[in-house]
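The following exercises are to be worked with the sequence and the coordinates at hand. Each task is followed by a solution in steps.

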Protein chains: 2
Amino acid sequence: MDHGEFMDAAVAEAVQGQREGGIPIGSVVVHNGKICGRGHNQRVQKGSAILHGEMDALENAGRQSAAFYRDCVLYTTLSPCAMCTGAILFYKIPHVVIGENRTLLGGEELLKAHGVRVEVLDDQRCLELMKKFAAEKPELWKEDIAE
Amino acid sequence: MDHGEFMDAAVAEAVQGQREGGIPIGSVVVHNGKICGRGHNQRVQKGSAILHGEMDALENAGRQSAAFYRDCVLYTTLSPCAMCTGAILFYKIPHVVIGENRTLLGGEELLKAHGVRVEVLDDQRCLELMKKFAAEKPELWKEDIAE
């Protein structure tokens, strides 16, 4: 599988979030090689406590059968937090590709313990987006990770 | 703390979901003794993959600080799934009160392992709602628990 196209789409979502004044984290859900849902963090834009990038992408993928999710790969620009990790485990998504995990190391060990394939690309675009954001809006970043 | 009033409110949300033709699971978030968010499963009503009762209640509680959630109790009519468990852990909600866990046993052990106080009331109203629902709409129930 060529990660490039899909991580590009997740980064584009993160950049869109940045443009909207939000938290620059994006995600896409890929089903059998085709993007079926894309999204980005909506804390600022929708006043949402639950629409992290991954959750927004899952929501935008719509109602699907259990079998559908078993054929999905989730791409996210940042390591998934405990909530998004729980969503991945709940839907038994077998493969997660992560842009970077230096800004935040999420639930990767729990994912692996449940047999999820976890890849970290160490994508510099993802890192730069978060570095700039965390420096400019530290209080918003703390709110978003409940710290 | 008197659980009665708050579990009554969660049950009322579940009943509202049932009336709407949805999945009868409800939840309320209580902050310092006052309900700050209430909700019910929105899979049918909003075509949502992520708005379980607990997630809907958290979303309706709005954007809050990390400190806010430390003073919350989450009430839910059914044992929380892996996704909702992840959300509770993410926000470090210290106390969860569950109507019943016979229909589905969710992430209670993971919650306890992280120091969350978990109480199960074995509430007959919650059990009856789910028993009726699962008998009448088994395919919808399977979809909602990704099985």
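**Exercise 1: A contact centre in the core**

Task. List the residues in contact with B:Ile50, leaving aside its neighbours within four places in sequence.

Solution. The model under study is a predicted one. From chain A, the contacts of B:Ile50 are A:Ile50, A:Leu51, A:Met55, A:Leu58 and A:Glu59. From chain B, they are B:Met55 and B:Met83. The next step is to place this residue in the core: the largest nonpolar core has 54 residues, and A:Ile50 and B:Ile50 are those with the most contacts inside it. As a general background, nonpolar side chains tend to be buried together in soluble globular proteins.

**Exercise 2: The overall form of chain A**

Task. State how many helices and strands chain A has, and decide whether chain A is as compact as a globular protein of its length or not.

Solution. Counting the elements gives eight helices and five strands in chain A. Read from the N terminus, their order is α-β-β-α-α-α-β-α-β-α-β-α-α. The radius of gyration of chain A is 14 Å, close to the 15 Å given by the globule rule for 147 residues, so chain A is as compact as a globular protein of that length. Along the principal axes, the C-alpha trace of chain A spans about 40 × 30 × 25 Å. Two further values complete the description. Of the 147 residues of chain A, 59% count as buried, and chain A exposes about 5800 Å², of which carbon and sulfur atoms supply 50%.

**Exercise 3: Two helices of chain A**

Task. Determine how many residues of helix α5 and of helix α3 of chain A are buried.

Solution. Helix α5 covers residues 82–90 of chain A; eight of its nine residues are buried, so this helix is largely enclosed by the rest of the structure. Among the buried residues of α5(A) are A:Met83, A:Cys84, A:Leu89 and A:Phe90. Just after this helix, A:Lys92 takes a positive phi of about 50°. Helix α3 covers residues 53–60 of chain A, and seven of its eight residues are buried, so α3 is likewise largely enclosed by the rest of the structure. The buried residues of α3(A) include the charged A:Glu54, A:Asp56 and A:Glu59. Just after α3(A), A:Gly62 has a positive phi of about 80°.

**Exercise 4: Buried or exposed?**

Task. Classify A:His95, B:Ser79, B:Asn32 and B:Ala146 as buried or exposed.

Solution. The cut-offs are under 20% relative accessible area for buried and over 50% for exposed.

- A:His95 lies in strand β4 (residues 95–100) of chain A. With 8% relative accessibility, A:His95 is buried. Its contacts beyond four places in sequence include A:His3, A:Cys72 and A:Arg117.
- B:Ser79 belongs to the loop between β3 and α5 of chain B. Its relative accessible area is 2%, so B:Ser79 is buried. Among its contacts beyond four places in sequence are B:Glu54, B:Asn101 and B:Glu108.
- B:Asn32 is in the loop between β1 and β2 of chain B. At 58% relative accessibility, B:Asn32 is exposed.
- B:Ala146 is found in the segment after α8 of chain B. Its relative accessible area is 0%, so B:Ala146 is buried.

A final step concerns the backbone. Most residues other than glycine have a negative phi. B:Asn32, however, has a positive phi of about 45°, and the phi of B:Ala146 is near 55°, a positive value.

Terms used. Residues numbered from 1 in each chain as written. Chains lettered and ligands numbered in written order. Predicted model: local features only at pLDDT ≥ 70, side-chain atom pairs only at ≥ 80, totals over all residues. Heavy atoms only, no water. Helix = DSSP H or I, 4+ residues; strand = E, 2+ residues; numbered from the N terminus. Rg over C-alpha atoms; globule rule 2.2 N^0.38 Å. Buried < 20%, exposed > 50% of the residue type's maximum accessible area, 1.4 Å probe, protein only. Areas by Shrake-Rupley, 256 points an atom, 1.4 Å probe, with all protein chains shown as cover. Core = buried A, V, L, I, M, F, W, Y, C linked by side-chain atoms within 4.5 Å. Contact = heavy atoms within 4.5 Å.
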